[in-house]
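User: I'd like to go through this one slowly. Could you explain the words as we use them?

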Amino acid sequence: MSILFTPHKLNELQLRNRFIFSACEDNLASEQGFVSDALIAKNRKIAQGGVGLIITSHIAVHPLGRTRKRQLGLFHDDMVPGFEKLVAAVHAHGAKIIFQLGHAGSQTKAAVIGRKPLGPSALNADMAEMSPDQIQEAVLAFRQAAERAVAARADGIQLHGAHGYLINQFLSPYFNHRHDTWGGNPENMFRFLKSVTLEIQQVLPKGMPLLIKLNCNDYTPKPGITPELAVAYAERSAGLNIHGIEVSCGTSLLSPWNMCRGAVPAKEIAASFPEPHRTKVENILSGLEGKFTMQEGYNLAAAEKIRLKSGAVPVFPVGGFRRVAHMEELVSSGRTDFISMCRPFIRQPHLVKQIQKGELDAAACTSCNRCLAAVAGDIPVRCYQKQFPKP
Ligand SMILES: Cc1cc2nc3c(=O)[nH]c(=O)nc-3n(C[C@H](O)[C@H](O)[C@H](O)COP(=O)(O)O)c2cc1C
Ligand code: SF4
């Protein structure tokens with residue numbers, strides 16, 4: 001039997017194989033952030049397709065931490081029953097499900113949250129610096145969302161510490177210019193993630209995994225998290241007794257083509273802007289085409305450096321895994337314990353079963369990134385490689 005189909009544990013959570021569906025925003029929640037039938041149907045299909053673990057899309061822990069209007073939320077007790085149904089649907093098909101909790105920080109719009117977005121520092125006039133009380137409120141919101149995740153029978157929690165959202169913003173010298181106890185040096189910049197982790201650990205049942213998704217490189221216009229800083233943060237995270245680190249890169253707003261290497265779908269992204277901006281955006285994005293071509297396992301080398309400093313904590317990169325022989329080689333040689341993928345499952349929800357049956361040598365996703373353009377356009381995420389909906 002291929003090692004890819006051997007069970008493996010995250011803390012005490014046993015997964016049936018080594019495949020993880022990495023967090024994937026789908027624009028399928030209700031406008032209030034509740035689980036919808038369509039969202040359950042999508043996850044049921046992925047679970048039926050044989051994956052070991054589903055990590056949910058980014059779930060907002062606080063109303064001011066919402067990224068977009070159809071994003072999931074866990075900031076109210078009324079939201080729990082929908083998540084219970086989601087968990088049951090996934091468990092019915094043998095997969096496990098971990099909730100990805102996050103807060104947008106300043107990476108959202110006033111139109112979504114009803115006020116100026118909040119971040120560790122105000123980098124421009126459209127955002128506001130968080131007060132110490134607002135920081136404590138956000139930490140508490142993570143704890144409360146974790147309690148609700150436990151009530152909904154989640155199999156674990158992943159903190160979204162990557163892609164330019166609030167946790168990433170505190171960690172990054174690009175976003176965090178504070179001089180109080182929340183900034184100014186790596187220890188202080190790590191404090192927000194540490195506080196959230198310590199709060200959540202108080203409410204998680206024994207054995208339940210707590211994971212963190214971290215950037216190995218922010219690729220911001222001025223230095224943010226660099227590979228060296230990422231290693232230092234991973235070492236600190238491992239010291240907090242977390243149970244897994246997923247390694248990614250880029251920020252959704254400033255460097256999405258690093259996060260999701262491949263094509264730059266200029267026309268499809270521009271479609272979400274009204275004229276006269278549409279033509280300008282399309283021209284700017286067209287100039288980026290060819291600069292971010294797919295590289296197989298593009299966060300693998302950084303993840304290996306992080307692994308060296310993370311002791312026994314499983315470290316698994318995400319980004320650009322497509323060939324089955326490559327996946328097999330990586331797990332067999334111990335370079336990663338899990339194969340985490342996102343876009344390949346959007347295109348082929350039954351990918352794992354197809355690999356198990358020996359039906360394919362590689363995932364069919366072409367990394368055209370039109371599914372990412374769907375996120376930007378607030379339309380349901382699916383594979384639009386053949387055709388993108390007209391605006
Ligand atoms: C449509 C889409 C939605 C995504 N939503 C999330 C998300 O909610 N949270 C997150 O951490 N990453 C998100 N990502 C990033 C993926 O989890 C993953 O890091 C990235 O796509 C690279 O992996 P891949 O090459 O296997 O697609 C998203 C990516 C895509 C394409
Ligand atoms: S639209 Fe389809 S082929 Fe293109 S990147 Fe997304 S999943 Fe892959």
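Analyst: Sure, let's take the overall build, then the inside, then the ligands and a few backbone details.

Analyst: One thing up front: this is a predicted model, where local features need pLDDT of at least 70, side-chain atom pairs count only at pLDDT 80 or more, and totals for chains, interfaces and linings use all residues. Residues are numbered from 1 along each chain as its sequence is written, while chains are lettered from A and ligands numbered from 1 in the order in which they are written.

User: How do you know what radius of gyration a compact globule of 391 residues would have?

Analyst: There's a rule for that: 2.2 Å times the number of residues to the power 0.38, with the radius taken over C-alpha atoms. For 391 residues that comes out near 21 Å, and the protein has 19 Å, so the value agrees with a compact globule. The C-alpha trace spans about 55 × 50 × 40 Å along its principal axes.

User: How many helices and strands are there?

Analyst: The protein has 16 helices and 12 strands. Both are DSSP runs numbered from the N terminus: helices are H or I with at least four residues, strands are E with at least two.

User: Why is N27 called buried or exposed?

Analyst: A residue is buried if 20 or more other C-beta atoms lie within 10 Å of its own, exposed if 12 or fewer, and partly exposed in between, with C-beta atoms placed from the backbone. N27 has 20 other C-beta atoms within 10 Å, so N27 is buried. D378 has 13, so D378 is partly exposed. Across the protein, buried residues make up 53% of the 391 residues.

User: What else can you say about phi in N27?

Analyst: N27 has a positive phi of about 55 degrees, although N27 is not a glycine. N27 sits in the loop between β3 (19-21) and α1 (37-48). D378 also isn't a glycine, and its phi is positive, near 60 degrees; D378 is in the segment after α16.

User: What makes the largest nonpolar core a core?

Analyst: A nonpolar core is a set of buried Ala, Val, Leu, Ile, Met, Phe, Trp, Tyr and Cys residues joined through C-beta atoms within 7 Å. The largest one has 120 residues, and V51, I54, F142, A145 and I157 touch the most other members. Helix α4 (residues 132-151) gives the largest share, 8 residues.

User: Which residues is I157 in contact with?

Analyst: Contact means that two C-beta atoms, placed from the backbone, lie within 7 Å. Leaving aside neighbours within four places in sequence, the partners of I157 include I98, F99, A146 and L210.

User: Which residues come nearest to ligand 1?

Analyst: Of the 26 residues around ligand 1, A23, E25, H58, C342 and R343 come nearest. Being near means a C-beta atom, placed from the backbone, lies within 6 Å of the molecule or strand. β4 (53-60), α14 and α16 each give two or more residues to this shell, with the largest share, 3 residues, from α16.

User: And which come nearest to ligand 2?

Analyst: Of its 13 residues, C365, C368, C371, C383 and Q385 come nearest. Here the largest share, 3 residues, comes from α14.

User: What is the peptide bond between E275 and P276 called?

Analyst: It is a cis peptide bond, with omega about 10 degrees. P276 is in the loop between α10 (266-270) and α11 (277-286).
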